Amino acid sequence: MKKPFTVHIPMVRRRGMREEMDAFYEGVLSYERDSALGVLRVPGHQNLAICFKYSNLLGENRRNQEDRLAIYEFSVEKNFPSFCQRLREHGVEFDMLAHTHGGYFARVLDPSGNLVEITSESVEDDFAVDISNWSVYRDID
């Protein structure tokens, strides 16, 4: 099997953090475990994967909120509001959630404090989920 292009995601050095990161990316975002290679494959992209690397630049070592840069972005093809609802039901907190002239944009934090950006050009939702009443939601035109 061909080894996928792998993105290294920084991870806080703390007991149990590996399990928290696995639970977030595998359990919440539905990344697929490849035990043979020790990576999580990105759904729908078999040649792309992520793995976690301990970092001293995370957590308490960050000077302030401005030090948080989005390190990872992915796009949801459709049903963005339903996708966000599922994240919320798993306890994921949103740093930002917006409807823009180009579609939807959300920013969430993973367990290590990394910003993950989620975008979608589609404003359609097959399940009629309404996220416009969430306190973090903004309509930006």
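# A predicted chain and its buried aromatic residues

Val42 is buried, with a relative accessible area of 6%, in a model that is predicted. The residue belongs to strand E3, which covers residues 39-42, and when neighbours within four places in sequence are set aside, Val42 is in contact with Tyr31, Leu48, Ala49 and Tyr72. Glu26 stands 16 residues away from Val42 along the chain, and the C-alpha atoms of these two residues are separated by 9.5 Å.

## The chain as a whole

The protein chain has two helices and nine strands, and, read from the N terminus, its elements follow the order β-α-β-β-β-β-α-β-β-β-β. The chain has 141 residues, of which 42% count as buried. Among the contacts in the chain with a separation of 6 or more, 64% are made by residues that are 24 or more positions apart.

## The two helices

Helix H1 has 12 residues, and the distance from its first C-alpha to its last is 15 Å, close to the 16 Å expected at 1.5 Å a residue. Which residues of H1 are buried? They are Met17, Met21, Asp22, Phe24, Tyr25 and Val28. To read such a list, it helps to know that an α-helix has 3.6 residues a turn, so residues three or four places apart point the same way.

In helix H2, the buried residues are Phe80, Pro81, Ser82, Phe83, Cys84 and Leu87. With neighbours within four places in sequence left aside, Phe80 is in contact with Leu97, Tyr104, Phe105, Ala106, Ile118, Thr119, Ser120, Glu124, Asp125 and Ile131.

## The nonpolar core

In soluble globular proteins, nonpolar side chains tend to be buried together. In this model the largest nonpolar core has 32 residues, and those with the most contacts inside it are Tyr25, Leu29, Tyr31, Phe74, Phe80, Leu97 and Ile118. H1 gives the most to this core, contributing five residues.

## Aromatic rings

A pair of aromatic rings is described by the distance of the centres and the angle of the planes. A search of the whole structure finds eight aromatic pairs. Why is the pair of Phe24 and Tyr25 edge-to-face? The ring centres of Phe24 and Tyr25 are 5.0 Å apart and their planes stand at 85°, so the pair is edge-to-face, since planes over 60 degrees apart count as such. Both Phe24 and Tyr25 are buried.

Phe74 and Phe83 form another edge-to-face pair, with 6.1 Å from centre to centre and 80° between the planes. Phe74 counts as buried because its relative accessibility is 16%, and Phe83 counts as buried because its relative accessibility is 15%; the cut-off for buried is under 20%. Phe24, Tyr25, Phe74 and Phe83 are among the members of one aromatic cluster, which also includes Tyr31, Phe52 and Tyr72.

A charged residue also meets a ring in this model: Arg88 lies over the face of Trp134, at 4.0 Å from the ring centre.

## Positive phi angles

The table lists three residues that take a positive phi, each with the place where the residue is found.

| Residue | Phi | Place |
|---|---|---|
| Ser30 | about 70° | loop between helix H1 (17-28) and strand E2 (32-34) |
| Asn79 | about 60° | loop between strand E5 (70-75) and helix H2 (80-89) |
| Gly91 | near 85° | after H2 |

Ser30 takes its positive phi just after H1, although Ser30 is not a glycine, and Asn79 likewise has a positive phi without being a glycine. Are these two loop residues buried or exposed? Ser30 counts as partly exposed because its relative accessibility is 35%, whereas Asn79 is buried, with a relative accessible area of 11%.

## The cysteines

A disulfide is a covalent bond between the sulfur atoms of two cysteines. How many disulfides does the structure hold? It holds zero disulfides. Cys51 is buried, with a relative accessible area of 13%, and Cys84 is buried too, with a relative accessible area of 0%. Cys84 has its place in helix H2, where Phe83 and Leu87 are also among the buried residues.

Terms used
Residues are numbered from 1 along each chain as its sequence is written. Side-chain values use heavy atoms; hydrogens and water are left out. Rings of Phe, Tyr and Trp (its six-membered ring) pair if their centres lie within 6.5 Å; planes under 30 degrees apart count as stacked, over 60 as edge-to-face and the rest as tilted. Buried means under 20% relative accessible area, exposed over 50%, partly exposed in between (1.4 Å probe, protein chains only). A charge sits over a ring if NZ of Lys or CZ of Arg is within 6 Å of the ring centre and within 35 degrees of the ring normal. Helices (H or I, at least four residues) and strands (E, at least two) are DSSP runs, numbered from the N terminus. A nonpolar core is a set of buried Ala, Val, Leu, Ile, Met, Phe, Trp, Tyr and Cys residues joined through side-chain atoms within 4.5 Å. Contact means heavy atoms within 4.5 Å. The expected span of a helix is 1.5 Å times one less than its number of residues. A disulfide is a pair of cysteine sulfur atoms within 2.5 Å.
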